[in-house]
There are 2 protein chains.
Amino acid sequence: MATMTLRDIAKALDLSVSTVSKALRDSYEIGEDTKKRVAAYARANHYLPNRMAKSLKEGKSGSIGVVICSIDNSFVSRMLDGIDSTCTQAGYDIIIMQNKESLAQEKACLNQLEARGVEGILISPSAETVNFEHLAALKDTGMPIVLFDRISEQFESYQVGIDNRRGAFQATQHLIANGYRRIALLTLSPDVPFAAQRREGYANALKQHHIPYRPAFVRTVQAHGREALKDSVRAHIRALLDLPEPPEALFAATDQLSTQSLAALHQLGCQIPGDMALIGFSNTELADMLTPPLSTVYQPAFQIGQLAAEKLIELITGKDRSPDYETVRLPIRLDLRDSSRPRFQATV
Amino acid sequence: MATMTLRDIAKALDLSVSTVSKALRDSYEIGEDTKKRVAAYARANHYLPNRMAKSLKEGKSGSIGVVICSIDNSFVSRMLDGIDSTCTQAGYDIIIMQNKESLAQEKACLNQLEARGVEGILISPSAETVNFEHLAALKDTGMPIVLFDRISEQFESYQVGIDNRRGAFQATQHLIANGYRRIALLTLSPDVPFAAQRREGYANALKQHHIPYRPAFVRTVQAHGREALKDSVRAHIRALLDLPEPPEALFAATDQLSTQSLAALHQLGCQIPGDMALIGFSNTELADMLTPPLSTVYQPAFQIGQLAAEKLIELITGKDRSPDYETVRLPIRLDLRDSSRPRFQATV
DNA sequence: CTGTTAGCGCTTTCAG
DNA sequence: CTGAAAGCGCTAACAG
């Protein structure tokens, strides 16, 4: 009773295996009555086709690999939800692997997925991934790949994310519009493509408003682990506050960085936005309820996941006939709240 | 160059397929030099064993199925991280499926996973899952199953979660200790096992302190979708506030319910804890930074995931020889903050 | 309309 | 020490 196979049901019904197979797949070359008998027996005995066998035979696994930095991240899990929703609908299931911001791990994930026979890969590269040779090699193998979230201009492929330059530009410009001129940036290494793009957006906004770019105001967080990152953020913020002329506002260029900045500022007894205004990339639904309500650059996470998955499925099923690669940049939304309220405005 | 098989390498090295297979698995019956040649060629040509074939042959897939309500939930994703960490270490990979709180979906997930040949299943049942026949049937098939998070006393199996009764008891008792007597409960239907347990804990605490149980104070949220849930929470809270004698404190018995309650109370212009104290089940790292800082019943999510996965792997590998089922109930931690600060105490 | 056959890539007896 | 052969469960020609 363990697992029922086509042969079992063929034997029971005194048919051949292939007849049963075809009957189950509703082939035109099988008689109605036979189909019914087979279907009835299968249902009654809870027959489940063995997908490993089917996959092996057909050379298709019906699954899609997804590589992300960490599943324990609200922004990421929102994207995963989007990915899952379109994949499930299309009949694919997904195998999720975490690179934990390590290039070595990322390669291991990719190998696993390839060995598993996934039909395509959705990947948001690790923070250590500064070149894309391993992905290029995989792509040359014929594996459909779509980059999402952490997109890169160095790598030719389909990509879905946001316009990082523009998002960072808008956030910085918003601070400027609200009267801040000494604006710090907390971000990741410029080796990380999306971080470099956000850095540019920040710099461009300053430039456009004739505000000098001060290297001391641009802080690069290298740490990745949960605790290490927390400590690093705190150290950077303390360093900013200790500057002879400290900044009046901070733009945190990452989801994690934003919430950790808020925490660190609290811990250091810093008034927001009185002592330091704050805006960050963040998708937390709790932004409204934070102290103070946190201004955020909101990314359409679910939609990014959906679109990336749709694109990948087009590639897999060969619906995509276009010769060129395409990068979809979804618009961000600026959710302005108290943490970046205009300078010198009376507190409500 | 697409995918290299054992046959390809056998042909290239003028060996037989079985020799190559054995060489790669370092069999004692293969000569050292042959092994080296094979290994070298395999590495040089980026040979990856086809896991579908291996799985089919061995009847083992090397994968574990995980069913959760929704991946887009910080508590869940934390547990998933725990699961993934132990599974990856043990060489299993995981296939995650969402039931979206629907029993029908849950069954579909289970079928999928079974067909995929997973070697065991970790499941946190949907809110609609009030009986466990489908799980029992699957278990009788020989499929190792471990319930996590949403554990049930109706279903005999290995389970890992928290002591819901005790957690709810402690939370309620804390409110009582802080001077609140009119305490409302916002929870899910008692048909949901863990919700029933929390309800009991709440009731027991009241009873032990000779506080009457008022049905009007116990609100059951039926909705599940993101928006529907939000609306439902708001409606319930409004109803509570509109009572002739409204409650002074609220205990929200779920992660989602807690944050939505906070949001709703804000929206309705209610002071916390002045007009209504609040404590909730929640794992958000942002609790400290909410307005006001939110008192929470903190569950060791990562550890729940880890333990459940460890147990499952023991079952799969047959290390578990104990005849009886076991339910591990991890202790919760009460993180007390301002939202449930003592009644009549001066605001800081 | 139904059955026979071959084979997906791999592991595993069983012979050489 | 190496190879030939069978078979995991399924599908897809190709025959009947």
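Let me start with a convention: Ala, Val, Leu, Ile, Met, Phe, Trp, Tyr, Cys and Pro count as nonpolar, Asp, Glu, Lys and Arg as charged, and the others, Gly among them, as polar. With that in hand, the surface near DNA strand D divides into eight nonpolar, nine polar and nine charged residues. Please keep in mind throughout that this is a predicted model.

Let's stay with strand D for a moment. Which residues come closest to DNA strand D? Out of 26 that surround this strand, the closest are Leu6(A) and Tyr47(A) from one chain, and Thr19(B), Lys22(B) and Glu29(B) from the other. Both chains also appear when we go by secondary structure: helix 1 (6–13), helix 2 (17–24) and helix 4 (51–58) of chain A each supply at least two residues of this surface, and so do helix 2 (17–24) and helix 4 of chain B.

What does the protein meet on the strand? Of the strand D atoms within 4 Å of the protein, 61% belong to sugar or phosphate, and the rest belong to bases. I picked three phosphate contacts to show you. Ser21(A) has a polar side-chain atom 2.8 Å from a phosphate oxygen of DNA strand D. The side chain of Thr19(B) places an N or O atom 2.6 Å from a phosphate oxygen of strand D. Gly31(B) uses its backbone instead, with an N or O atom 2.7 Å from a phosphate oxygen of that strand.

Now over to DNA strand C. Around strand C there are 26 residues, and the nearest are Thr19(A), Lys22(A), Glu29(A), Leu6(B) and Tyr47(B). The elements that each give at least two residues here are helix 2 and helix 4 of chain A, together with helix 1 (6–13), helix 2 and helix 4 of chain B. By class, we have eight nonpolar, nine polar and nine charged residues near strand C. Sugar or phosphate accounts for 58% of the strand C atoms within 4 Å of the protein, with bases making up the rest.

Again, a few contacts to look at on the screen. A polar backbone atom of Ser16(A) is 3.1 Å from a phosphate oxygen of DNA strand C. On the chain B side, Tyr47(B) brings a polar side-chain atom to 2.6 Å from a phosphate oxygen of strand C. Lys22(A) reaches a base: an N or O atom in its side chain is 2.4 Å from a base oxygen of strand C.

What does the record say about this region of chain A? An unreviewed UniProt entry places the feature "domain: HTH lacI-type" at residues 4–58 of chain A. In the model, that span is 67% helix and 0% strand, and its end C-alpha atoms lie 20 Å apart.

Next, the protein–protein interface. How many residues of chain B are in contact with chain A? There are 49, and they touch 49 residues of chain A. The two chains bury about 4,300 Å² between them, with 55% of that on carbon and sulfur atoms. On the chain B side, Met52(B), Arg116(B) and Met289(B) lose the most area to chain A, together 17% of what that side buries.

There is plenty to say about polar pairs too. Between chain B and chain A the count is eight salt bridges, and 27 residue pairs are in polar contact. One salt bridge pairs Asp72(B) with Arg78(A), whose closest N and O atoms are 2.9 Å apart. The chain B elements giving two or more residues to this side are helix 4 (51–58), helix 5 (74–89), strand 2 (93–98), helix 6 (103–115) and helix 11 (255–267). The same side of chain B has 18 nonpolar, 20 polar and 11 charged residues.

Over all chains, the structure holds 48 salt bridges. Arg182(A) and Glu245(A) make one, with the closest N and O atoms 3.7 Å apart. Arg182(A) sits in the loop between helix 8 (164–177) and strand 6 (183–188) of chain A, and Glu245(A) in the loop between helix 10 (226–242) and strand 8 (249–252), so this pair ties together parts that are 63 residues apart in sequence.

Last, some backbone details. Most residues other than glycine have a negative phi, and most peptide bonds are trans. Asp26(A) is not a glycine, yet has a positive phi of about 55 degrees; look for Asp26(A) in the loop between helix 2 and helix 3 (32–44) of chain A. A cis peptide bond joins Thr291(A) to Pro292(A), with omega about -10 degrees, and Pro292(A) is in the loop between strand 9 (277–281) and strand 10 (295–298) of chain A. In chain B, Ile272(B) and Pro273(B) are joined by a cis bond with omega about 0 degrees. Pro273(B) lies between helix 11 and strand 9 (277–281) of chain B, in the loop.

Thanks, everyone!

Definitions and conventions
Residues are numbered from 1 along each chain as its sequence is written. Chains are lettered from A and ligands numbered from 1 in the order in which they are written. This is a predicted model: local features need pLDDT of at least 70, side-chain atom pairs count only at pLDDT 80 or more; totals for chains, interfaces and linings use all residues. Side-chain values use heavy atoms; hydrogens and water are left out. Contact means heavy atoms within 4.5 Å. Buried area is the accessible area (1.4 Å probe) that two parts lose on being put together, summed over both. A salt bridge is a side-chain nitrogen of Lys or Arg within 4 Å of a carboxyl oxygen of Asp or Glu. A polar contact is a pair of N or O atoms within 3.5 Å; within protein, one must be able to donate a hydrogen and the other to accept it, and residues adjacent in sequence count only if both atoms are side-chain atoms. Helices (H or I, at least four residues) and strands (E, at least two) are DSSP runs, numbered from the N terminus. A residue is near a molecule or strand if one of its heavy atoms lies within 4 Å of it. UniProt positions are given in the numbering used here, feature names are shortened, and annotations may be inferred rather than shown by experiment.
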